[in-house]
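Thanks for coming. I have one model to go through today, and I will keep it short.

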Amino acid sequence: MLRLFASHHGEPTFARGGIHPDEHKELSADHAIEPFVPRSVTVPVSQSLGAPSVPVVKKGDRVVRGQLIASDEAGGVPVHAPVSGIVKSVDRGIHPVLVLDMAITIEAREQEDEPTFQEQPGWETLPREELLERIRVAGVVGLGGATFPTYRKLMLPDDAEVDTLIINGSECEPYLTCDYRLMLEQAEAVVLGAWLIAKIIGVPRCLIGIEDNKADAGAAMTAAIERLALDRSDHPVAMEVVVTQTKYPQGSEKQLIQALTGRLVPQRGLPMQVGIVVQNVATAFACLEAVRNRKPVIERVVTVSGRGIHEPKNLRVPVGTMIQPIIEACGGFDDEVVKVLAGGPMMGRALADLNAPVTKGTSGLLFLTRAETNLDRYQPCIGCGECLDVCPLGLEPNKVSQYVEVGRALETEEFGPLECFECGCCSYSCPSNRPLVQFMQVAKAAYRHEAAKQRTHA
Ligand code: SF4
Ligand code: SF4
C-alpha cells in the first residue's frame, strides 16, 4: 500500500526550489500491472530523440512479434512488431509528441512461429561490446520519457571518469505509478538490469533513488539486492537503495544526482562530468530483457489515471496501442474529461486527439476533469517571487515572460531560458496562472531560430 503522507525524517533531497503538488497516486498505485493486447497497433517510426527510423516492411507483409519493422540505418532506434499480424498500412499518422509521423499499422493475428523470448544461457558473461549491441538492436530508449537511445548513453568516451550508476526510481510526477509497480512486481529484474548497466559502464557502485512515498518499493528493491548478492558476482557492484524526500522534480537527473551524492552537474553539463550515469528503472528492466531474453522493446507499462477514467490501471500494452481501446479497457469515462495528457501533469503533453498511439516514451495517459485542471486565463505578474523560489535552477521565468510578452524574447538569455529543463514548478506556483514554461519555451525557440539563421548566413 502506498504511503501517501510519509513524514520526512531527514531523507536527502536537492537543495534549491521544488514543489509538493498533490500526488493523486492513490488512484492507480494499488492496481497491479495487467497485460492488454489490442486488435491492432499503429507504431510511429519516431521512437527516440533524433531522426526517425526507416520502415522495412510494406502493406500486406506478414510479421511476427519482435520482428524488425523499421531500422536505425538513418538514425533513430530499431523498431519491432509489437504484435504478430498483417501490415495494413505504412502511412502518416498522429504522434503524441511530434503531432504527425510515419506509422506502421499492424492488424493482430496470432502466428505459430512467434518467439517466446526465453532466457538465453550465458548472458551474464558476454563481453561488453555484445551487451551494448544487444541493447542497440533491441531499440532500448530512456523509458522515463526522455527516449534517448540507451546504447549511446552507455557508450562512454574513453576519457570519461565515471564511478557511479544511479537508477532513477523517483517517479516524482503526480498520478504516475508505472515505475512504482515495476519495482514492486519485478524488483529482481530491475536490480539485475541495473547490475548489467553497471557492468557495461564499468562502475563498482549503484545507487537506486526512491522517494519516501514509495517505501514498500524501496523495501522490495533492497530485499532483491540482498537476495541477488551482486557484490559477489564476476563484476562486483555495491548496490544500495537511497530513500529521498518526496519532492518534485526529484526524478530529474541533476536534482537526483545532487540528492544522492551531493555532486553538482554544471549548467548545460552532463552527469558524466561529475562521474555519474543515470538510468530509469524501466530502462534497466528493458536492458535486462534485451540482453538476457533478446527481447526488443515492444511493450511498456502505462499508468492510465485521472478522475475522468472509470477504473485507473497500470497496463502493459504493446507499443502502438491506440488510446481509444485503452479507454475502453479501463471502463470508459466517468466524468467530463477536459484535458488528456500523455505523461505526467507537470511535464506531459496535452493531446488534442484521442486517435494517437502509445510510444516507447508514454509513461502515462491522464484523463483529467475540470476539478483537476486549471483552465483560468492568466493575469499580469504581481511580482510575488514565487516562481523564483521554486525554480530548482534559480532561473527568472517571471522576467522571461514579461520580455516575451512584448516581443523581446532575444533579450532574455541572462534570465535562463536556455538552461530551463521545463519542469513546470514555476507555472504550478504562479498565483497569476501565468504559463511560465511556455514563455521559457518561446524564448528558447527564438534563440534556436536565431542560431540557425546565423549558421545559414555564415
Ligand atoms: S520550468 Fe524552467 S524556469 Fe520554470 S521552474 Fe522549471 S527550470 Fe525553472
Ligand atoms: S509567480 Fe507569477 S506573479 Fe509571482 S513573480 Fe512569478 S510570474 Fe510574477
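**A sheet, its helices and a ligand site**

I will start with a strand pair. Strand 9, residues 164-168, and strand 12 run parallel and are joined by five bridges. Two strands count as paired if DSSP finds at least two bridges between them. Strands and helices here are DSSP runs, numbered from the N terminus: E, at least two residues, for strands, and H or I, at least four residues, for helices. Leu165 has Val277 in strand 12 as its bridge partner.

A word on the source: this is a predicted model, where local features need pLDDT of at least 70, side-chain atom pairs count only at pLDDT 80 or more, and totals for chains, interfaces and linings use all residues. Residues are numbered from 1 along each chain as its sequence is written, while chains are lettered from A and ligands numbered from 1 in the order in which they are written.

Back to the sheet. It is open, has four strands in the order 11-10-9-12, and the pairing is parallel. Strand 11 (238-244) and strand 12 (276-280) are the edges, each pairing on one side only. Neighbouring strands are turned by 25 degrees against each other on average, direction ignored.

Helix 4, residues 187-201, lies across strand 9, strand 10 (205-211), strand 11 and strand 12, and runs at about 150 degrees to strand 9. Axes are lines fitted to C-alpha atoms, for helices over the stretch in contact, and angles run from 0 to 180 degrees between N-to-C directions. Contact means C-beta atoms, placed from the backbone, within 7 Å.

Next, which residues of helix 5 are buried? They are Ala217, Gly218, Ala220, Met221, Ala224 and Ile225. Buried means 20 or more other C-beta atoms within 10 Å of the residue's own, exposed means 12 or fewer, and partly exposed is in between, again with C-beta atoms placed from the backbone. The buried residues are on the same side of helix 5 because they cover an arc of only 160 degrees around the axis, taken from the directions from the helix axis to the C-beta atoms. On the other side of helix 5, Glu226 and Arg227 are exposed. The cover over the buried residues of helix 5 includes helix 3 (178-185), helix 4, strand 10 and strand 11.

Helix 3 is itself mostly covered, with seven of its eight residues buried, among them Tyr180 and Arg181.

Last, ligand 1. Of the 15 residues around it, Cys391, Cys420, Cys423, Cys425 and Cys426 come nearest; near means a C-beta atom, placed from the backbone, within 6 Å. Helix 12 gives the largest share of the shell around ligand 1, three residues.

Technical notes. Two residues are in contact if their C-beta atoms, placed from the backbone, lie within 7 Å.
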